Amino acid sequence: MNLSRVQPSPDDNIIIPTMPKYLYIPLVLIGILLLAYPLLVFSAPPPPPSLEAKSGEVLFITVKVKGIDPVVTGEFRDRTIPFFKIDQIGRYGALIGIDLADGPVQEEVQVKAQEGSEARVVNRYRVKVRAAKFGIQELTLPNDKVDLDEETLKRVEVEQQQMLENLAGVSGERLWKGQFIIPVEGKMAGTFGLKRIINGQPRNPHSGEDIYAPEGTAVAVSNDGIVKLTGDFFFSGKSIVIDHGLGLFTLYFHLSEVRVGEGEQVSKGQIIGLVGATGRATGPHLHWGARLNGARVNPFSLVKLPLATAHAE
Ligand SMILES: [Zn+2]
């Protein structure tokens, strides 16, 4: 391109109409007002940003909050969402879990900051949940694993209660750091959310994801945390629950071996057990589950989140 062609030639004359000087200032002011008019008229607050998710997914949202170490929380449906500090310039983040039975629904997440006795709304998000279309899984299992005798029923009830109590806690600080990892190398079955019919009877939906791998394959913990619960349960067999803080838990079921103890601190990638087929399982696999502030979410949704830079300083 020949740049010299766009240079004005010395012969070019810029023609300015003659106008009395005292007219310039009012004309310029009127011009500014005309340009600013749309801004003045449409200065109503913009609608809250809209987020979309499918049932069983996890959302990562960030907000900027002014103040000296405010406590930031969100409300979504019946769940309280704790925020964590990302950096020193007032960025806070949170994970929001969409339960597998949520949706279709459109609701608002209201983010509040509390400093002392004063709470203020600092942000709002609209969350549009699309209902995922989960399939149906029909299973045939030995009858004594489905039609339970009285004693086994009691055992199952106690175990389910114990599990729920352990998953209800919200520890005060975030323990996970950066991306979540897939705990075992194997074939993902895509069974999250499936409605289950066992020996012809409708049962609870499948709230985790199954990964098929040979018996004895190492199972790594998906992120940093504390071992909340271990045990040998009727349905889930040898199991581990990891608390990642702020209401997030990952679950590892049907293990052949548990290699950690309750209360132990674990770091991402650490081997916590081995793949097995204990409990009610049709063959060796890892049932990998996740709970987030009470929502049953797909753990693979955690792996996909862009969390590499969500570090607290
Ligand atoms: Zn499973």
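Helices (H or I, at least four residues) and strands (E, at least two) are DSSP runs, numbered from the N terminus.

**Figure 1. Overview of the predicted model.** The model shown is predicted. The protein has 3 helices and 21 strands. Of its 313 residues, 32% are buried. Among contacts between residues at least 6 apart in sequence, 70% join residues at least 24 apart.

**Figure 2. Close-up of Asp69 in the loop between strands S2 and S3.** The flanking strands are S2 (58-64) and S3 (71-76). Phi of Asp69 is near 45°, which is a positive value in a residue other than glycine. Asp69 has 8 other C-beta atoms within 10 Å; a residue with 12 or fewer is classed as exposed, so Asp69 is exposed.

**Figure 3. Close-up of the cis peptide bond from Gly103 to Pro104.** Omega of this bond is near 0°. Pro104 belongs to the loop that links strand S6 (91-97) to strand S7 (105-115).

**Figure 4. Close-up of the loops holding Thr140 and Asn199.** Thr140 is located in the loop between strand S9 (136-139) and helix H2 (150-168). Thr140 counts as exposed because it has 11 C-beta neighbours inside 10 Å. The C-alpha atoms of Thr140 and Gly200 are separated by 8.0 Å, although these residues are 60 residues apart along the chain. Asn199 is in the loop between strand S11 (195-198) and strand S12 (201-203). Its phi is near 50°, a positive value in a residue other than glycine. Asn199 has 14 C-beta neighbours inside 10 Å and therefore counts as partly exposed.

**Figure 5. Close-up of the largest nonpolar core.** This core has 50 residues, and those with the most contacts inside it are Ile96, Val219 and Tyr252. Strand S17 (residues 248-258) gives the largest share, 7 residues. Domain 1 (50-130) and domain 2 (136-303) both contribute residues, so the core lies between them. In soluble globular proteins, nonpolar side chains tend to be buried together.

**Figure 6. Close-up of the contacts of Val219.** Val219 is among the residues with the most contacts inside the largest nonpolar core. Leaving aside neighbours within four places in sequence, Val219 is in contact with Pro183 and Val184, with Tyr252 and Leu255, with the run Ile271, Ile272, Gly273, Leu274 and Val275, and with Leu286. One of these partners, Tyr252, is also named among the residues with the most contacts inside the core.

Conventions. Residues are numbered from 1 along each chain as its sequence is written. This is a predicted model: local features need pLDDT of at least 70, side-chain atom pairs count only at pLDDT 80 or more; totals for chains, interfaces and linings use all residues. A residue is buried if 20 or more other C-beta atoms lie within 10 Å of its own, exposed if 12 or fewer, and partly exposed in between; C-beta atoms are placed from the backbone. Two residues are in contact if their C-beta atoms, placed from the backbone, lie within 7 Å. A nonpolar core is a set of buried Ala, Val, Leu, Ile, Met, Phe, Trp, Tyr and Cys residues joined through C-beta atoms within 7 Å. Domain bounds come from an automatic or database domain assignment.
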